[in-house]
Amino acid sequence: MKVPISNRRLLCAEFVPRGTRAADIGTDHGYLAVYLLREGICPFVTAADLREQPLQKARENAARFGVADRMQFLLSDGLQSIPPDAAGTIVMTMTSVSRKAGSRFLKNLSLIHISEPTRPL
């Protein structure tokens with residue numbers, strides 16, 4: 001079964017270093033996290049979202065695609081509840097990123113943030 005992942009999230013996946021643990025911040029349905037695991041890019045992914053409903057959808061999709069045992073799911077406002085050692089790569093597909101919230105992570109990891117344009121290019 002193919003993971004229904006958007007082109008924007010596929011682009012994010014291309015930047016994730018193979019073999020690193022990743023955190024998908026603003027996971028929504030969890031398709032990026034699932035894709036990273038199914039394609040063998042990451043051995044473990046933390047999926048986080050601000051709201052319980054999208055996080056539950058991510059849990060369901062992880063189970064459906066057989067990768068739930070290699071994921072953890074956290075209710076989190078951005079990076080706020082993510083342990084500093086949870087990942088070597090942080091992927092944020094949200095439309096905004098707080099520098100203050102991410103500052104404790106930025107020292108020794110990769111940060112990937114690709115958002116949808118808010119105005120025509």
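**The cores and strands of a predicted model**

In this predicted model, the largest nonpolar core holds 25 residues, and those touching the most other members are Val 3, Leu 32, Leu 36, Cys 42, Val 45, Met 71 and Phe 73. At least two residues of this core are supplied by each of α1 (7–15), α2 (31–38), β2 (45–49), α3 (52–64) and β3 (71–75). Helix α2 gives the largest share, 7 residues. Separate from this core is a second one of 10 residues, which includes Ile 25, Ala 48, Leu 74 and Ala 86.

Phe 73 illustrates how residues distant in sequence come together. When its neighbours within four places in sequence are set aside, Phe 73 is in contact with Ala 47, Leu 55, Ala 58, Arg 59 and Ala 62.

The wider setting is as follows. The protein chain comprises 4 helices and 5 strands, and from the N terminus on these elements run α-β-α-β-α-β-β-α-β. The chain has 121 residues, of which 46% count as buried. Of the contacts between residues at least 6 apart in sequence, 55% join residues at least 24 apart. The accessible surface comes to about 6,800 Å², and carbon and sulfur atoms account for 51% of that surface.

The strands offer a further view of the interior. Strand β4 (residues 89–92) is covered on both faces: Thr 89 and Val 91 are buried on one side, and Ile 90 and Met 92 are buried on the other. Strand β4 pairs with β1 in the parallel sense over 4 bridges. Within this pairing, Ala 22 has Thr 89 of β4 as its bridge partner.

The loop between β1 (22–25) and α2 contains Thr 27. Thr 27 counts as buried because its relative accessible area is 0%, under the 20% limit. With neighbours within four places in sequence left aside, the contacts of Thr 27 are Arg 9, Ala 47, Ala 48, Asp 49, Leu 55 and Ala 58. Asp 28 also has its place in the loop between β1 and α2. Asp 28 is partly exposed, with a relative accessible area of 32%. The backbone of Asp 28 deserves attention as well: its phi is near 60 degrees, a positive value in a residue other than glycine. Most residues other than glycine have a negative phi.

Charged side chains form the next topic. Side chains of opposite charge can pair when their charged atoms come close. A search of the whole structure finds 1 salt bridge. The side chains of Glu 52 and Arg 59 meet in a salt bridge, with an N to O distance of 2.7 Å. Glu 52 is partly exposed at a relative accessible area of 38%, and Arg 59 is partly exposed at 27%. Arg 59 is also among the residues in contact with Phe 73.

The cysteines complete the account. A search of the whole structure finds 0 disulfides. Cys 12 counts as buried because its relative accessibility is 0%. Cys 42 is likewise buried, with a relative accessible area of 3%, and Cys 42 is one of the residues that touch the most other members of the largest nonpolar core.

Key
Residues numbered from 1 in each chain as written. Predicted model: local features only at pLDDT ≥ 70, side-chain atom pairs only at ≥ 80, totals over all residues. Heavy atoms only, no water. Core = buried A, V, L, I, M, F, W, Y, C linked by side-chain atoms within 4.5 Å. Buried < 20%, exposed > 50% of the residue type's maximum accessible area, 1.4 Å probe, protein only. Contact = heavy atoms within 4.5 Å. Areas by Shrake-Rupley, 256 points an atom, 1.4 Å probe, with all protein chains shown as cover. Disulfide = S-S within 2.5 Å. Salt bridge = Lys/Arg side-chain N within 4 Å of Asp/Glu carboxyl O. Pairing = 2+ DSSP bridges.
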